[in-house]
Amino acid sequence: MTRRSETLRGKSGRKFNRRDFLKMSGAGLAGAAVLGATGCGGGGGGSGELIFSMGPDDAQGTMATLIKRFNDQNKGFKVTHRVMPADTGQYFDKLRTEFQAQSSDIDVIGGDVIWPAQLAANGWIADLTDKFPKSEQGKFLEAPLASVTYQGKVYGVPWYTDAGMLYHRKDLLEKSGFSEPPKTWAELKEMANKVVQDQGVKYGFVFQGDQYEGGVCNGLEYIWTHGGDVLDPNDPNKVIIDSPEAAAGLATEASMISSGAAPQAVSTYQESQTDPAFMNGTSVFARNWPYMYALAGTSDYPKVKPDQVGMGPLPVDDGNELASCLGGWDMLINANSDMQDEAWEFIKFMTAPEQMKFRAVKATVLPTRTALLSDPDIKKLPPVAQGSPAIRHTHARPVSPYYSDMSLEMQDQFNASLKGDVSPEKAVKTLQSNLERIIQQGS
Ligand code: GLC
């Protein structure tokens, strides 16, 4: 089944644009005239619809605002946001199912930084190397740019970047006599327990321990901040997760619950459970992405005010380097889209400095353009203040065409270890052989 026949059966008929029609009919003007008469002419000057897939707009409505601004420019096509699942794993599965059935009429994909290798290896996204020359690439932060680069080609434009960070309640820490946030995980536990005891706050620390992609990010942060890793940095086909450092990392994660610093429920927490736990004032500390800062003091979360919230890099195991998981989202184009030029127009708009700044200031989603990090309005935002140490110490999850399979294994083992169902040593051993198998089968 070709995409075109799929399009023909589509109920909106949105892809019944001029180019499609000419291609389908093999004719010329006659087709165009009929098309004009039906009033559903498309891209490149008509009234085509460009489908942009992305999760729900939870960044203070900024995505909808920008799409509207773009559409108001009347470029000759209209962008429609197709709302995909908020959970990145579920979103990816949906996308993959559509691509495998060759049935996707999505044009631009808002895609997680972990996706491009896999989407590119399958030929599902367009090579943008010619549209996005080296001179432009140089304006972007290295790590997000690496996420869209696969086998020397560039498959997308970095849209916004994420790094796992430690949030703390400045007022509560101060009241319990702490002048700064914890530098080590051991200090975090102590401080969390003390503030909870002193001030009767419900929780000490909340984070994302559920069995899903965010749980992988959290688990990896414990592994990295203990000096462990998943793959050998010098040989990406070599799995090295079965190490004392990685096991110690997972042991520290589990100790957040066993020490009482974190509630048992964090083993089912995603971002959407973390937000209210911290922003309703029920937790002293939280691990989350930068966007959560912008929620403070909004009508959804009036209790905790922005000036009560402090942010900084995640703690480490004593003596180790700072580390946080590289997150973020890229803009990619469906290789089969009939609107390649229009898609590029839209991507250029969304990733232009003005739009990135708007989202950063209003919703603390961080820009991927290096220059913007020194913009006065942006560099004073708490997630990037003090030279943005978390952003400078990000680690990428494994870059692999099989990442989604590797992730499922990590989701399983990290969550089981957090709940105490398997020991950290057993978890990393199991992962060692399961990840090796995935890599061997793939190569
Ligand atoms: C954020 C990150 C993304 C990560 C996801 C996990 O959206 O930007 O990279 O995979 O959280 O929940």
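## Second largest cavity

Ten positions can be listed around the second largest cavity of this predicted model: Leu66, Trp159, Tyr160, Met350, Gln355, Met356, Arg359, Val365, Leu366 and Pro367 line it.Two or more lining residues come from each of strand 6, helix 15 (353-363) and strand 14 (366-367), where helices (H or I, at least four residues) and strands (E, at least two) are DSSP runs numbered from the N terminus. Helix 15 gives the largest share, three residues. The lining comprises eight nonpolar residues, one polar and one charged; Ala, Val, Leu, Ile, Met, Phe, Trp, Tyr, Cys and Pro count as nonpolar, Asp, Glu, Lys and Arg as charged, and the others, Gly among them, as polar. The space inside is about 50 Å³, a volume being that filled by probe spheres set on grid points joined across faces, edges and corners.

Residues are numbered from 1 along each chain as its sequence is written, local features need pLDDT of at least 70, side-chain atom pairs count only at pLDDT 80 or more, totals for chains, interfaces and linings use all residues, and side-chain values use heavy atoms, with hydrogens and water left out.

## Largest cavity

The structure contains two cavities of 30 Å³ or more. A cavity is a set of points, on a 1 Å grid over the protein atoms alone, where a 1.4 Å probe fits but cannot get out; a pocket is an open set with protein on both sides within 12 Å along at least five of seven lines; lining residues have an atom within 4 Å of a point.

The largest cavity encloses about 60 Å³. Its lining is made up of Met165, Met311, Gly312, Pro313, Pro382, Pro383, Ala385, Gln386, Ser388, Pro389 and Ala390. Strand 12 (309-312) and helix 17 (389-392) are the elements that contribute two or more of these residues. By class, eight of the lining residues are nonpolar and three are polar, with no charged residue present. Domain 1 (9-161 + 327-386) and domain 2 (163-325 + 400-442) each provide at least three residues of this lining; the domain bounds come from an automatic or database domain assignment.

## Pockets

The largest pocket has a volume of about 700 Å³. It is lined by 31 residues, and Asp58, Ala86, Glu271, Tyr291 and Trp329 are the closest to its centre. At least two lining residues are supplied by each of strand 6 (157-163), helix 11 (213-224), helix 13 (271-279) and strand 13 (324-333). The lining holds 14 nonpolar, seven polar and 10 charged residues. The largest pocket lies between domain 1 and domain 2, because both give residues to its lining.

The second largest pocket, at about 500 Å³, has a lining of 21 residues, with Leu231, Pro236, Pro398, Val399 and Ser400 nearest its centre. Strand 9 (231-232), strand 10 (235-239) and helix 19 (424-442) each contribute at least two residues to that lining. Its classes are 13 nonpolar, five polar and three charged.

## Strand 11 and its salt bridge

Strand 11 (residues 283-288) is mostly covered, with six of its six residues buried; buried means under 20% relative accessible area, exposed over 50%, and partly exposed in between (1.4 Å probe, protein chains only). Strand 7 (residues 165-169) pairs with strand 11 in the antiparallel sense over four bridges, and Phe285 is the bridge partner of His168. On the parallel side of the pairing pattern, strand 8 (residues 203-206) joins strand 11 over three bridges, with Ala286 as the bridge partner of Val206. Two strands are taken to pair if DSSP finds at least two bridges between them.

Strand 11 also carries Arg287, which forms a salt bridge with Glu221 of helix 11; the pair therefore ties together parts 66 residues apart in sequence. The closest N and O atoms are 2.8 Å apart. Arg287 is buried at a relative accessible area of 1%, and Glu221 is buried at 2%.

## Other salt bridges

Lys357, Asp375, Asp377 and Lys380 are joined into one network by salt bridges that share partners. The whole structure has 17 salt bridges, each defined by a side-chain nitrogen of Lys or Arg within 4 Å of a carboxyl oxygen of Asp or Glu.

Within helix 4 (residues 62-72), Asp72 and Lys68 are four residues apart, about one helical turn, and their side chains meet in a salt bridge (2.8 Å, N to O). In helix 5 (residues 88-100), Asp93 and Arg96 are three residues apart, again about one turn, and form a salt bridge (3.2 Å, N to O). Asp93 is partly exposed at 39% relative accessibility, and Arg96 is partly exposed at 22%.
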